[in-house]
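Got the viewer open? Here is a short walk through the model, one selection at a time.

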Amino acid sequence: MVVLTALDQDAVMVNPFQTGGLILFEGEVLAGIARYRQQSATAPEQGGVLLGYRRDPHLHVVTATFPARGDRATRFFFKRDDPSHAATALRMWKRTKRMMDYLGEWHTHPESHPSPSSIDTRAWATIRAASLEVMLFMIAGTGEDCWMGCGNRKVLLPVRPYLAVVQ
Ligand SMILES: [Zn+2]
């Protein structure tokens with residue numbers, strides 16, 4: 001579990017797949033995701049993709065896509081069906097001369113201490129199997145807690161805050 005006390009400040013986590021590697025989330029991305037938290041009793045799950053740079057051994061999340069009309073969203077379900085997510089990822093990839101990459105996925109849960117559902121882990125396994133790279137997965141809860149994980153083809157590992165390791 002990663003607790004983001006300031007949802008508009010940069011967050012630094014440890015990359016469990018790369019010695020000395022970090023995962024940096026720009027505060028603007030976290031603030032954008034925080035706006036979609038399920039803080040009312042009827043708010044549906046929401047989600048999008050995480051975009052940024054792979055600078056070995058680090059991952060740098062600099063932007064994300066956000067829910068759109070063609071997505072399917074209920075209180076306990078989100079499916080990223082709107083074509084704008086992939087279109088944005090492709091546009092950013094081209095605009096940055098193929099530097100900005102698809103780094104992973106985010107979505108919300110209607111719980112204060114979120115953790116992946118069996119549907120989540122199955123969907124992420126499909127994404128991991130399709131990629132040669134380490135992928136990031138984030139679930140934003142209703143408050144300041146979020147779950148973050150990182151996976152390659154073989155294994156999915158939870159991600160820890162950097163400060164907790166150096167203390
Ligand atoms: Zn979920």
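Begin in the middle of a hairpin. Select Met-138 and look across to strand 10, where its bridge partner is Met-148. Now widen the selection to strand 9 and strand 10 (residues 145-151): the two run antiparallel, joined by 6 bridges. The hairpin between strand 9 and strand 10 takes 4 residues.

Before going further, colour by confidence, since this is a predicted model. The chain averages a pLDDT of 94, with 98% of the residues at 70 or above, that is, scoring at least 70. Strand 8 has the highest confidence, at 98, while helix 4 (residues 162-166) has the lowest, at a mean of 60. Read helix 4 with that mean of 60 in mind.

Back to strand 9, this time with side chains on. In a regular strand, side chains alternate between the two faces of the sheet. Which residues of strand 9 sit on each side? Met-135, Phe-137 and Ile-139 are on one, Leu-136, Met-138 and Ala-140 on the other, and all of them are buried. With 6 of the 6 residues in 135-140 buried, strand 9 is largely enclosed by the rest of the structure.

Next, add strand 8 (residues 101-108). It pairs with strand 9 in the parallel sense, over 5 bridges, and His-107 is the residue opposite Ile-139. To get from strand 8 to strand 9, trace the chain through helix 3 (residues 118-129); this β-α-β crossover is right-handed.

Now for the core. Nonpolar side chains tend to be buried together in soluble globular proteins. Here the largest nonpolar core has 33 residues, and those with the most contacts inside it are Leu-50, Leu-51, Leu-103, Leu-136 and Met-138. Elements giving two or more residues to this core include strand 4 (47-55), strand 5 (58-64), helix 1 (27-34) and strand 8. Strand 9 gives the most, with 6 residues.

Pick Leu-51 out of that core and show its neighbours. Leaving aside residues up to four places away in sequence, Leu-51 touches Val-62, Thr-63, Ala-64, Ala-89, Met-92, Met-100, Tyr-102 and Leu-103.

Last stop: helix 2 (residues 84-95). Put a distance between its end C-alpha atoms and you should get 16 Å. That agrees with the 16 Å its 12 residues should span at 1.5 Å a residue. Then step just past helix 2 to Lys-97, and check the backbone there: phi is positive, about 55°.

Note on methods:
Residues numbered from 1 in each chain as written. Predicted model: local features only at pLDDT ≥ 70, side-chain atom pairs only at ≥ 80, totals over all residues. Buried ≥ 20, exposed ≤ 12 C-beta atoms within 10 Å, placed from the backbone. Pairing = 2+ DSSP bridges. Right-handed = clockwise from strand over helix to strand, strands pointing away. Core = buried A, V, L, I, M, F, W, Y, C linked by C-beta atoms within 7 Å. Contact = placed C-beta atoms within 7 Å. Expected span 1.5 Å × (residues − 1). pLDDT = per-residue confidence, 0-100.
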